Amino acid sequence: MIEQNKIDSIISEKGRTRTALIPILQAIQREFNYLPEEALRRVSETTDIKPAEIIGVASFYSQFRLAPVGQHMVRVCVGTACHVKGASQVYDSLRRAFKLKDGQHTDLSGKYTIEKVSCLGCCTLAPVVQIDHVTYGHVTSDKADQIIKDFENLKVNKNKSLFRKVDGTEILGEIRIGLGSCCVASGSSDIKDAVENTINQSGLQVKLKSVGCVGMCHQVPLVEIVPVNGETTLYSKVKPEDIKQIVENHFKPSGRFSRLKNKFLNAIENIQTDQKWNGIERYELDIREKHVSSFLGKQFPIATEHRGLINPLDLDEYQQHGGFLALKKVFKEFTPTKVIEKIKTSGIRGRGGAGFPTGIKWELVSKQTSEEKYLICNGDEGDPGAFMDRMLLESYPYRVIEGMIIAAYAVNTREGYFYIRAEYPLAVKRIRAALEICKDNNLIGNNILGSGFDFNVKVYEGAGAFVCGEETALIQSIEGNRGFPHLRPPFPAVKGLFGLPTLVNNTETFAQISFIMRDSVDRFTRIGTEKSKGTKVFALAGKVARGGLIEVPMGMTIRQIVEEIGGGIANGRKFKAVQIGGPSGGCIPASLQDTPIDYESLNSLGAMMGSGGLIVLDDTDCMVDIARFFLSFTQDESCGKCTFCRVGTKRMLDILDNLTQGKGKPGDLEKLEKLAEWTKKGSLCGLGRSAPNPVLSTLKYFRDEYEAHLNGVCQTGKCIPLINYSITDDCIGCTLCVQRCPVAAIHFQPHEKHMINKDLCIKCDACRQVCPTNAVVVG
Amino acid sequence: MVQITINGHKINVDEGTPVIKAAEMAGFKVPSLCYNEELGHFTSCMLCLVKDDSNSQLIPSCSVTATEGMSVTTEDAEIREARQTGLELLLSEHVGDCQGPCQVACPAHMNIPQMNRLIAAGKFEAALKLVKKDIALPAVLGRICPAPCEGACHRRTVDSSVSICLLKRFVGDENDLYPFEPLPLSGKRVAVIGAGPGGLAAAYYLQLNGYQTVLFDKESCAGGLLRTNIDPELLPASVLDKEINTILSTGVIFKGETEIDALFFQQIQNEYDAVVVATGALVDEIRNWGFITHPKGIEADRNSYETSLKGVFAIGNTLRFSRMSVRPIGQGKEVAWSVSQYLAGEVPKGEPQLFNSRFGKLIYQEISEYLKESVPYNKVSSDQANSNGYTQEEAIREALRCLHCDCRDIDNCKLRDLSGRYKANQTRYAGNERKAMTKHFTSSIVYEPLKCIKCGICVRMTSKYQEKFGFSYIGRGFDVVIGVPFNESVQSGLALTAEIVARACPTGALSVKD
């Protein structure tokens with residue numbers, strides 16, 4: 001029996017109408033960890049929402065669970081970056097560790113439930129596994145047991161020191177710690193604790209400062225030391241035990257501190273002993289680099305302006321760096337029509353992917369005579385391998401809000417929504433906090449800054465559906481429905497949320513507005529190409545040496561991004577292709593790497609700007625596998641409304657599954673092309689219409705690989721059913737592989753050459769990873 | 001009012017009119033499965049795609065409204081391919097048989113499941129009437145047919161096939177009626193050469209269609225090989241005579257002991273409005289009659305049986321040899337269609353061939369679902385059958401074993417109609433695995449979820465009619481199913497609207513019980 005009063009109080013808090021449905025379900029799940037049928041029946045009895053609507057919505061969004069789960073959720077990220085780095089083998093190894101049979105997802109003790117998630121937004125730490133709120137990066141298939149053990153230890157030892165606000169009046173300097181998701185995931189909060197403890201107990205007058213994502217996610221956790229006098233130093237891949245050294249290097253306790261020295265050192269010791277660093281082999285530690293100038297130098301931050309300098313929630317700091325100047329200027333100098341004119345002149349196009357001119361959209365909404373209108377910031381970033389919106393929302397909440405207020409003023413709406421996917425709890429938290437602070441400072445609410453303009457914003461958490469990035473589906477979702485898109489026209493600008501004119505812009509688009517309005521429009525139009533103005537934020541990941549968030553001027557070539565920003569291909573491999581635009585985009589081969597990145601060039605190559613995922617692939621990546629990966633994502637995310645997307649993507653996936661399993665048949669490629677053509681032409685919304693792109697572009701540029709798969713050959717060895725593991729004469733008989741093999745497929749023969757029993761081998765890759773002489777080969 | 005051009009025709013319609021309606025007003029019916037007059041558009045099936053002439057884009061005509069100056073094409077090669085592909089995708093996950101597999105396997109395509117149901121209900125006369133629509137000699141075939149239908153019977157997966165052949169024999173033996181009154185004679189005359197099973201069947205159906213039919217044979221008695229080549233213990237002459245008499249008594253003129261040579265054949269061609277050649281195995285004589293032949297027989301169209309000679313049709317072993325009498329008997333029925341079409345001045349096409357969805361053998365989980373409509377016992381013993389056949393009680397008991405594999409909505413299924421019209425091939429995009437089908441019964445309807453095409457009409461309908469539970473989409477994407485919330489029964493989900501939604505369902509997923 002569940003306690004009905006809990007349900008009742010949730011309902012009285014969230015409301016009884018349809019629009020309250022998703023928030024009600026989210027609250028119930030927070031309470032019970034799943035949605036008990038009894039609770040849902042209670043909802044239907046005590047609200048205006050019918051059972052069919054409740055079940056329809058609860059079963060549509062992947063956030064909701066209709067069956068109980070274990071105490072801890074183990075989420076294996078299978079986003080693009082993780083996929084190319086072996087996420088599926090990691091998933092299999094965890095399943096083995098939990099002794100799960102086919103179809104089971106919760107271990108026998110009921111403690112752990114495993115699930116695949118499309119992207120945790122920590123692409124640079126790939127492959128990533130998250131257990132509850134602990135994130136493990138760079139996981140390999142032989143580390144499953146260690147991760148579980150580490151998590152068990154962590155539960156016991158969790159030392160949660162509260163953040164103590166350091167007095168900043170007398171400072172020797174500042175220690176900046178990145179608190180973007182990648183940084184947090186890589187353990188930056190532990191670092192923060194360590195620094196805090198250190199300075200607290202030593203009495204050092206150092207200001208500890210949290211900064212948002214600086215975009216160097218491949219180097220996290222990052223600690224930047226900014227002494228009052230002297231050179232700034234950026235430390236990357238820091239561990240808590242390094243803090244002692246770092247702090248000592250820069251802030252040696254001088255005379256008046258000497259008496260404290262012992263205490264200080266003790267404190268350091270305590271940190272090391274109290275807070276055992278159970279970080280597995282998460283991060284290679286030894287490389288510490290100074291500021292990677294080339295990494296940031298080629299970039300042009302607009303949306304990410306002042307990266308690493310400002311505390312995400314510090315309003316004063318945002319304002320000191322030019323924040324809200326644009327808004328003030330707009331209120332003071334421009335009519336709404338003038339604002340729209342400027343946005344149109346700037347040439348900015350929607351950053352969500354399709355690249356519709358922003359000014360024209362604003363104009364269309366502004367022309368609607370309706371008394372009421374809405375504005376929505378689309379933060380439902382769902383591409384596996386993209387996390388621009390998350391970073392912008394987490395690190396630059398005020399910039400996005402400022403852009404929204406300007407837009408609201410321009411189109412004359414008083415009500416706005418943030419639609420943020422539920423997988424981004426930090427972004428939701430930051431935005432909520434930022435909105436509160438804005439309200440307190442008369443930046444949100446009535447008569448903003450004395451302008452007479454009112455604007456209020458609500459935060460709406462998406463519940464896990466990629467299709468809700470499509471604006472008509474997003475609107476359905478806010479209205480409390482399944483995220484079924486509908487045909488445009490009517491466009492939301494004419495008939496949107498609750499049937500009223502609605503401006504929907506991507507987070508990144510809003511983040512660029514203040515720059516345009518504050519500086520001159522000219523300055524913006526000078527950046528980029530003729531038809532693609534300004535900059536674009538990309539999540540650069542995959543086989544590149546330096547991954548992370550980058551913001552580059554439109555028109556930069558793929559080569560420049562890969563080589564000059566990404567530092568080329570890691571591990572000396574050969575650059576093969578970039579996958580750009582995620583599941584809607586395509587693969588561009590290395591031979592076309594001089595293509596400039598702008599909307600038209602990418603479209604002409606069968607790729608797409610998309611929301612900005614940029615995954616670099618090397619010669620070990622199988623293009624058929626990549627196509628299958630993206631298609632399996634879109635197939636899984638298809639809402640199921642229209643025939644071509646619902647069944648077409650499934651049938652395409654069937655063919656790709658067969659190809660990657662050596663079960664291809666003559667005629668499959670032609671059939672695949674036919675299905676791709678019709679899924680593109682016959683689908684209702686952008687998801688289905690672009691879903692075949694990864695398949696079509698790989699067929700176009702890498703058809704030979706498809707043909708090889710038809711003959712049962714995967715040249716790169718990525719398609720597991722098509723490969724075998726064997727051991728070469730380089731084997732020294734160290735038996736490490738025997739110890740690692742989970743299925744006893746290798747016979748124990750110390751000092752002799754080992755052999756793999758192919759009938760037993762499950763191709764988990766564990767032996768290859770531990771072999772000290774690289775004697776385990778795939779072929 | 002706005003003016004819109006449909007296939008070149010200008011028409012004025014109210015603003016806001018969906019293009020699909022505007023097309024209909026202009027006289028062009030655009031196909032759709034998910035569009036429902038009462039509920040409006042939903043844009044799911046995408047079969048209503050039409051072409052916007054301004055940019056050659058395909059647009060769903062149910063959801064796009066007519067605007068001034070708009071011009072659309074409702075059918076061309078690309079649109080047909082779109083619809084064919086859409087249908088093939090829907091069919092690739094449509095687990096259900098239109099006709100029962102027995103009927104599809106039967107060379108005469110006899111409606112076996114319906115015969116079984118009529119027998120089970122004790123309606124033997126009606127059963128004979130039904131059988132005789134397709135099979136002119138049921139009592140004969142009931143003794144000698146190798147019964148390919150039984151090989152295809154789904155019941156084989158459960159225990160053993162329904163004894164269809166014996167049941168058919170029972171139906172033929174049980175009644176002495178002449179179930180059909182021939183149409184009044186039209187004045188046109190048809191000659192049928194050869195009074196074997198094929199010629200008899202052709203003569204029977206042609207006479208029923210109102211053509212004076214003359215049946216020629218070199219023997220003095222009709223029956224052909226049925227009379228000469230079959231063990232009389234298996235097929236007693238009395239049985240054969242009885243059924244031949246029912247055929248001749250419709251008015252067919254039998255001319256026995258008539259040898260036909262090339263000259264006489266020429267004369268017959270001149271005297272009669274149409275000729276059906278059913279002479280049995282091709283002999284040298286017939287090669288001189290002027291047909292295009294190949295080593296195995298006369299060359300004729302596969303569907304219409306029309307030969308190279310105008311107005312002359314050929315069936316049975318003259319085309320190619322077969323041991324199964326049911327084959328010429330079926331062809332006799334079919335050729336009557338062609339001859340009638342020919343005599344009506346149409347291009348002969350034969351019996352209309354409708355699309356049939358098929359899904360192959362039952363899988364284990366489906367056995368219990370299918371048994372919900374049947375009885376659990378194994379085949380009713382037919383030890384005595386060869387001499388006496390089933391008694392009435394035995395026949396009823398055996399007929400009850402039929403699983404009702406045929407779809408209840410077979411004559412009222414948009415998916416089937418359109419699949420036929422656009423020549424959809426169900427197996428082109430066959431998936432890697434298929435789901436196990438289930439059947440859910442209420443007091444008035446049957447719900448078979450795997451026949452569902454997710455058009456959402458029932459979901460919208462139950463919502464509109466304020467069902468307490470109603471139907472809901474459950475899940476997402478390819479795995480979405482339509483079901484009742486909270487695992488309530490279909491009965492409680494459709495407490496108010498069962499028949500309404502069943503009638504609105506464009507496929508056989510929801511169908512009204514018999």
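Axes are lines fitted to C-alpha atoms, for helices over the stretch in contact, and angles between them run from 0 to 180 degrees between N-to-C directions. Helices (DSSP runs of H or I, at least four residues) and strands (runs of E, at least two) are numbered from the N terminus. This is a predicted model, in which local features need pLDDT of at least 70 and side-chain atom pairs count only at pLDDT 80 or more, while totals for chains, interfaces and linings use all residues. Residues are numbered from 1 along each chain as its sequence is written, and chains are lettered from A and ligands numbered from 1 in the order in which they are written.

Start in chain B with a pair of helices. The axes of α10(B) and α15(B), residues 326-343, come within 7 Å. They cross at roughly 35 degrees. The crossing of α10(B) past α15(B) is right-handed (the near helix is turned clockwise from the far one by less than a right angle). Which residues make the contact? Two residues are in contact if their C-beta atoms, placed from the backbone, lie within 7 Å. From α10(B) come residues including Pro197(B), Leu200(B), Tyr205(B) and Leu206(B). From α15(B) come, among them, Ile329(B), Lys333(B), Val335(B) and Val339(B). By class, this contact has 11 nonpolar, four polar and one charged residues. Here Ala, Val, Leu, Ile, Met, Phe, Trp, Tyr, Cys and Pro count as nonpolar, Asp, Glu, Lys and Arg as charged, and the others, Gly among them, as polar.

Next comes α12(B), residues 237-248. Its 12 residues, at 1.5 Å a residue, should span 16 Å (1.5 Å times one less than the number of residues). The end C-alpha atoms are 16 Å apart, which agrees. Which residues of α12(B) are buried? A residue is buried if 20 or more other C-beta atoms lie within 10 Å of its own, exposed if 12 or fewer, and partly exposed in between, with C-beta atoms placed from the backbone. The buried ones are Val239(B), Leu240(B), Glu243(B), Ile244(B), Thr246(B) and Ile247(B). They cover an arc of only 155 degrees around the axis, so they sit on the same side of α12(B). That arc is taken from the directions from the helix axis to the C-beta atoms. An α-helix has 3.6 residues a turn, so residues three or four places apart point the same way. On the other side of α12(B), Ala237(B), Ser238(B) and Asn245(B) are exposed. The buried residues pack against α6, α9, α10 and α11 of chain B.

Now look where the chains meet. In all, 36 residues of chain B are in contact with 37 residues of chain A. On the chain B side, β4, α2, α20 and β15 each supply at least two residues. The most come from α2(B), which gives six residues. This side of chain B divides into 19 nonpolar, 14 polar and three charged residues.

Cross over to chain A. It has 32 helices and 19 strands. Of its 779 residues, 55% are buried. Among its contacts between residues at least 6 apart in sequence, 74% join residues at least 24 apart.

Two helices of chain A show burial well. In α4(A), residues 51-58, eight of the eight residues are buried. Their cover includes α2 and α3 of chain A, together with α20 and β15 of chain B. In α18(A), residues 397-411, 15 of the 15 residues are buried, so this helix is largely enclosed by the rest of the structure. The 15 residues of α18(A) should span 21 Å, and the end C-alpha atoms are 21 Å apart, which agrees. Just after α18(A), Asn412(A) takes a positive phi of about 65 degrees.

That brings us to the backbone. Most residues other than glycine have a negative phi, and most peptide bonds are trans. Asp765(A) has a positive phi near 80 degrees. It lies in the loop between α31 and α32 of chain A. Gln466(B) has a positive phi of about 60 degrees, and is found in the loop between α20 and β15 of chain B. Is each residue buried or exposed? Asp765(A) is buried, with 21 other C-beta atoms within 10 Å. Gln466(B) is exposed, with 10 other C-beta atoms within 10 Å.

Finally, find the cis peptide bonds. One joins Arg488(A) and Pro489(A), with omega about -5 degrees. Another runs from Pro489(A) to Pro490(A), with omega near 0 degrees. Pro489(A) sits in the loop between α20 and β12 of chain A, and Pro490(A) lies in the loop between α20 and β12 of chain A too.
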